[in-house]
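The following exercises are intended to be worked with the coordinates open. Each task is followed by a solution in steps.

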Amino acid sequence: MAHHHDHDHDNELDPMTARVRALETILTEKGLVDPAAIDAIVDTYEHKVGPRNGARVVARAWSDRQYADWLKQDATAAIASLGFTGRQGEHMQAVFNTPETHNLVVCTLCSCYPWSVLGLPPVWYKSPPYRSRAVIDPRGVLAEFNVVLPQSTRIRVWDSTAELRYLVIPMRPANTEGLSEEALADLVTRDSMIGAGLALAPGAA
Amino acid sequence: MSLPDFDPRGQGAIDPPTFQEPWQAQAFAMVVALHERGLFSWADWAEALSTRLAQPDFRHDAGNYYECWLDALETLMTRKGIADPDHIGTLAAAWQRAAKATPHGKPILLENDPDRN
């Protein structure tokens, strides 16, 4: 067979694409995957799930004391009640930031993350430096995200697993009385729900 | 100051697309689909992925995350006797030959591999 002679009008499959096609061919022939189902999953994670889901959970918790209590006791059910359910059978735990305790989420072993409420993780969440340093030096990591907390605030780090994922409920910003849930949700960033950020002040959103 | 290679800036601003290339999305979705079909538990998958990510060639900027993801999936499929690396390699080469043999603008089909018998 010919060796490389690249013409830009030739069809070339890069090695990774070819490997994925090869595996997909095998799995399709064995009836284990359906290409249409693959496309639907891609569409879901590219377009349908993302941090806006989590922001709605947080805004509801800020607005509704009973909901916040439910979220504290049974986050899986309270989150599912808004239509967000995990597909990996994972349980959710909501961890609430307070003036005394700030929560930060990591997955030290791989990249477990609450997909149903935050979508897929940002690249830095998957990076080895974050995964190791979040545990060893959470205050230093937070500083890199421009989050500086009072020394008196304790930082609690939560290590996600395949079975249990965490959603940080950031503190409600000041001067937000009377805002609608929708307006409150706009103040909730992705990073604030990982613990790597704070909710935005009104007017900054 | 040993700042890590990860770049924490750009939070809340413009996020990069979920997947950088279509093959990454396909590899991702295959794992979700196979799990939903009951081929493995999510704990099994997390174990396979974390084993791969613990190798020293996983980059500090996580730039080869989906390469590792695909490796982990191939390993898991091999362990389950569903696929084996030689077969995957052979088929991947066939796909590349098929692509080369396909006129530009036409869909690439495995049947277009000139060495197919």
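The exercises below concern a predicted model and proceed from single elements to the contact between chains.

**Exercise 1. Determine how chain A is divided into domains and how far apart the C-alpha centres of the domains lie.**

Solution.
Step 1. Chain A is divided into domain 1, covering 15–47, and domain 2, covering 50–194.
Step 2. Between the C-alpha centres of domain 1 of chain A and domain 2 of chain A, the separation is 31 Å.

**Exercise 2. Compare the span of helix α3 of chain A with the expected span, and list the buried residues of this helix.**

Solution.
Step 1. Helix α3 of chain A comprises residues 51–63, that is, 13 residues.
Step 2. The expected span is 1.5 Å times one less than the number of residues. For α3(A) this gives 18 Å, and the helix reaches 18 Å from its first C-alpha to its last, close to expectation.
Step 3. The buried residues of α3(A) are Asn53(A), Gly54(A), Ala55(A), Val57(A), Val58(A), Ala59(A), Ala61(A) and Trp62(A).
Step 4. One of these residues, Asn53(A), is in contact with Ser116(A). Ser116(A) belongs to helix α6 of chain A, residues 115–118. At 8% relative accessibility Ser116(A) falls under the 20% limit and therefore counts as buried.
Step 5. Leaving aside neighbours within four places in sequence, Ser116(A) also has contacts with Phe84(A), Thr85(A) and Gly86(A).

**Exercise 3. Describe the burial of strand β2 of chain A and its pairing with strand β3 of chain A.**

Solution.
Step 1. Strand β2 of chain A spans residues 101–106 and is mostly covered, with 6 of its 6 residues buried.
Step 2. Thr101(A), Asn103(A) and Val105(A) point one way from β2(A), while His102(A), Leu104(A) and Val106(A) point the other way. Both sets of residues are buried.
Step 3. The partner strand β3 of chain A consists of residues 154–159, and the two strands pair in the parallel sense over 6 bridges.
Step 4. Within this pairing, Val106(A) stands opposite Asp159(A) in β3(A).

**Exercise 4. Which parts of chain A does the salt bridge between Glu181(A) and Arg60(A) link, and how accessible are the two residues?**

Solution.
Step 1. The closest N and O atoms of Glu181(A) and Arg60(A) are 2.9 Å apart.
Step 2. The pair links distant parts of the chain: Glu181(A) is in helix α10 of chain A (residues 181–185) and Arg60(A) is in helix α3 of chain A, 121 residues apart.
Step 3. Glu181(A) is partly exposed at 30% relative accessibility, and Arg60(A) is also partly exposed, with a relative accessible area of 24%.

**Exercise 5. Characterise chain B by its secondary structure, burial and contacts.**

Solution.
Step 1. Chain B contains 4 helices and 0 strands, giving the pattern α-α-α-α along the sequence.
Step 2. Chain B has 117 residues, of which 45% count as buried.
Step 3. Among contacts in chain B between residues at least 6 apart in sequence, 40% join residues at least 24 apart.

**Exercise 6. Quantify the contact between chain B and chain A, and examine two of the salt bridges that join them.**

Solution.
Step 1. Chain B contributes 64 residues to the contact and chain A contributes 55 residues.
Step 2. The two chains bury about 5,300 Å² between them, 68% of it on carbon and sulfur atoms.
Step 3. Between chain B and chain A there are 4 salt bridges, whereas the structure holds 14 over all chains.
Step 4. Side chains of opposite charge can pair when their charged atoms come close.
Step 5. Lys100(B) and Glu12(A) form a salt bridge at 2.8 Å, N to O. Lys100(B) lies in helix α4 of chain B (residues 85–101) and Glu12(A) in the segment before α1 (15–29) of chain A, so the pair joins two chains. Lys100(B) is partly exposed at 30% relative accessibility, as is Glu12(A), with a relative accessible area of 41%.
Step 6. Glu74(B) and Arg19(A) form a salt bridge at 3.0 Å, N to O. Because Glu74(B) lies in helix α3 of chain B (residues 65–79) and Arg19(A) in helix α1 of chain A, this pair also joins two chains. Glu74(B) is buried, with a relative accessible area of 13%, whereas Arg19(A) is partly exposed at 21% relative accessibility.
Step 7. Arg19(A) and Glu74(B) are linked with Arg52(B), Asp57(B) and Asp71(B) in a network of salt bridges.

Conventions. Residues are numbered from 1 along each chain as its sequence is written. Chains are lettered from A and ligands numbered from 1 in the order in which they are written. This is a predicted model: local features need pLDDT of at least 70, side-chain atom pairs count only at pLDDT 80 or more; totals for chains, interfaces and linings use all residues. Side-chain values use heavy atoms; hydrogens and water are left out. Domain bounds come from an automatic or database domain assignment. Buried means under 20% relative accessible area, exposed over 50%, partly exposed in between (1.4 Å probe, protein chains only). Two strands pair if DSSP finds at least two bridges between them. Contact means heavy atoms within 4.5 Å. Buried area is the accessible area (1.4 Å probe) that two parts lose on being put together, summed over both. A salt bridge is a side-chain nitrogen of Lys or Arg within 4 Å of a carboxyl oxygen of Asp or Glu.
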